[in-house]
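Me: Please take a close look at one part of this model, the one you would pick for how it sits among its neighbours. Then place that part in the rest of the chain, and keep it plain.

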Amino acid sequence: MNEFVVTTLLIVALFALLGSGVWIGLTLAGVAWIGMELFSSRPAGDAMALTIWGSASSWTLTALPLFVWMGEILFRTKLSESMFKGLAPWVNALPGRLLHTNILGSTIFAAVSGSSAATCATIGKMTIPELTRRGYPPEKIVGSLGGASTLGLLIPPSIIMIVYGVAAEVSIAKLFVAGVIPGILLAALFSGSIMVWALMNPAKVPSADASLSFGEKLREARHLIPVVLLIGSVIGAIYSGIATATEAAAIGVVGALILSASQGSLNWASFRDSLLGATRLYCMIALILAGAAFLTLSMGYIGLPRHLAEWVGGLGLTPGMLLIALAVFYIVLGCFLDGISMIVLTMGVILPTVTAAGIDLIWFGVFIVIVVEMAQITPPVGFNLFVLQGMTRREITWIAVACLPYFLIMVIAVLMLYWFPGLVTWMPSKM
């Protein structure tokens with residue numbers, strides 16, 4: 001049967017199942033079963049059993065529930081409050097003043113969370129009421145938080161990088177390290193945009209708090225020491241080669257438990273809630289990954305990835321044009337699906353084309369993560385938009401407009417990484 005007809009039928013089946021409310025993981029497995037049963041000679045039953053079991057029992061994937069659990073433990077501590085106290089005195093002198101706490105707080109929490117939604121909720125709980133009380137413009141508070149919280153996907157340990165690493169069969173440790181410089185670059189661009197805005201609109205920035213001496217600032221900075229030590233231990237263990245990503249995740253969980261206990265927020269209820277929260281989120285992700293693994297196998301038997309790669313190859317696109325096409329594709333897809341679903345749904349089809357174009361898969365992983373970050377703040381299915389709406393009770397469209405400048409900054413960051421690929425590949429090459 002013509003590949004176009006097969007593709008159309010499977011896409012119709014996919015959206016029909018998604019539209020009827022079937023879970024994403026089951027939808028992917030269902031479409032895979034339909035494709036294999038109708039358009040290949042391989043029996044679908046045993047292939048599904050073997051693939052789903054292989055996906056669910058992957059040792060590489062063990063890092064994922066551990067990092068999710070670490071984030072859940074820290075989500076229930078006084079971490080965001082401590083970070084605000086530690087950061088506020090240092091940013092008071094910068095143009096834009098306390099708006100930078102959104103950027104720096106999100107950057108720091110991203111390095112222990114791995115989730116943009118968790119970063120947005122945790123930092124927002126502290127900064128939105130505090131900055132609103134001090135008179136900062138609401139659209140700048142919400143926009144800077146929405147943009148910066150997407151760093152939870154890029155700065156290691158990143159849940160979505162683990163998912164990509166498993167799907168693309170590349171080193172998760174190298175992916176983590178590759179995300180450090182682009183993450184810092186994005187944070188710097190976000191802060192730079194706030195400074196430019198503040199210099200152009202000085203009347204909209206509230207007056208500074210009473211200035212503190214250097215010694216007093218250092219005393220306030222003590223609140224940051226525990227989380228900086230935790231970040232250093234996790235990333236340092238991976239970069240130095242002492243621990244794999246999975247072992248570093250275990251170090252992170254132990255460190256998070258110690259940090260929670262030292263703050264007095266570790267009790268049976270918070271321990272149980274963090275464990276159940278991590279289990280629920282991981283089970284959802286694992287089901288999606290299992291369905292996607294079966295879909296990838298099914299697509300392979302039908303031959304769609306090979307035909308797509310041949311078709312794209314026949315178009316004569318340069319690597320740059322291919323990346324532009326993929327960026328547009330993922331941004332549009334992100335209007336309807338969450339980031340993890342986007343990656344697992346498309347990797348089996350996209351990766352042969354990317355490999356054939358000679359694009360480095362570690363670099364491509366960082367590229368994909370930044371493009372998925374953009375999708376986190378695009379309506380109608382931008383996860384960060386939903387989190388911000390829950391905290392501010394504002395319209396989704398108002399929040400999306402507030403976040404638009406940060407979307408454009410991410411476009412600039414992608415262009416910079418394309419022109420200077422060493423920003424991504426230098427640190428992994430030194431491991």
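Reply: Contact here means heavy atoms within 4.5 Å. Helices (H or I, at least four residues) and strands (E, at least two) are DSSP runs, numbered from the N terminus. The model is predicted: local features need pLDDT of at least 70, side-chain atom pairs count only at pLDDT 80 or more, and totals for chains, interfaces and linings use all residues. Residues are numbered from 1 along each chain as its sequence is written, and side-chain values use heavy atoms, with hydrogens and water left out.

The part I pick is helix α9, residues 159-168. Of the 10 residues of α9, 8 are buried (under 20% relative accessible area; exposed is over 50%, partly exposed in between; 1.4 Å probe, protein chains only). The helix is therefore largely enclosed by the rest of the structure. The buried residues are I159, I160, M161, I162, V163, Y164, G165 and A168. The cover over them includes α4, α10, α15, α18 (339-356) and α19 (361-376).

One of these buried residues, Y164, belongs to an aromatic cluster with W363, F364 and F367. The search of the whole structure finds 8 aromatic pairs (rings of Phe, Tyr and Trp, the last by its six-membered ring, with centres within 6.5 Å; planes under 30 degrees apart are stacked, over 60 edge-to-face, the rest tilted). In one of them, W69 and F271, the ring centres are 5.8 Å apart and the planes stand at 70 degrees, so the pair is edge-to-face. W69 is in α4 (residues 63-75) and F271 is in α15 (residues 268-302), which puts the two partners 202 residues apart and links distant parts of the chain. Both α4 and α15 are among the helices that cover α9. W69 counts as buried at 15% relative accessibility, whereas F271, at 27%, counts as partly exposed.

Just after α9 the backbone does something to note. E169 takes a positive phi of about 55 degrees, and E169 is a residue other than glycine. Most residues other than glycine have a negative phi. E169 lies in the loop between α9 and α10 (172-178). Its relative accessibility is 73%, so E169 counts as exposed.

A second case is R393, which is not a glycine and has a positive phi of about 65 degrees. R393 is in the loop between α20 (383-392) and α21 (396-419), and at 72% relative accessibility R393 counts as exposed. G264, just after α14, also has a positive phi, about 80 degrees.

Helix α14 (residues 245-262) can be checked by length. Its 18 residues should span 26 Å at 1.5 Å a residue (1.5 Å times one less than the number of residues), and the end C-alpha atoms are 25 Å apart, which agrees. The buried residues of α14 include A245, A248, G252, G255 and L259. Before α14 comes the loop that follows α13 (225-240), and A243 lies in that loop. A243 is buried, with a relative accessible area of 10%. Leaving out residues up to four places away in sequence, A243 touches A237, I238, A248 and I251.

For another buried position, take T119 in α7 (residues 116-133). T119 has a relative accessible area of 0%, so it is buried. Not counting residues up to four places away, T119 touches S106, F109, A110, S113, G124, S149 and G152.

Finally, the whole protein around α9. The protein has 22 helices and 0 strands. Buried residues make up 52% of its 431 residues. Among contacts between residues at least 6 apart in sequence, 78% join residues at least 24 apart. A compact globule of 431 residues would have a radius of gyration near 22 Å (over C-alpha atoms; the rule is 2.2 Å times the number of residues to the power 0.38), and the protein has 22 Å, which agrees. Along the principal axes, the C-alpha atoms fill a box of roughly 75 × 50 × 45 Å. The protein exposes about 18300 Å² (Shrake-Rupley method, 1.4 Å probe; for residues, only the protein chains shown count as cover), of which carbon and sulfur atoms supply 71%.
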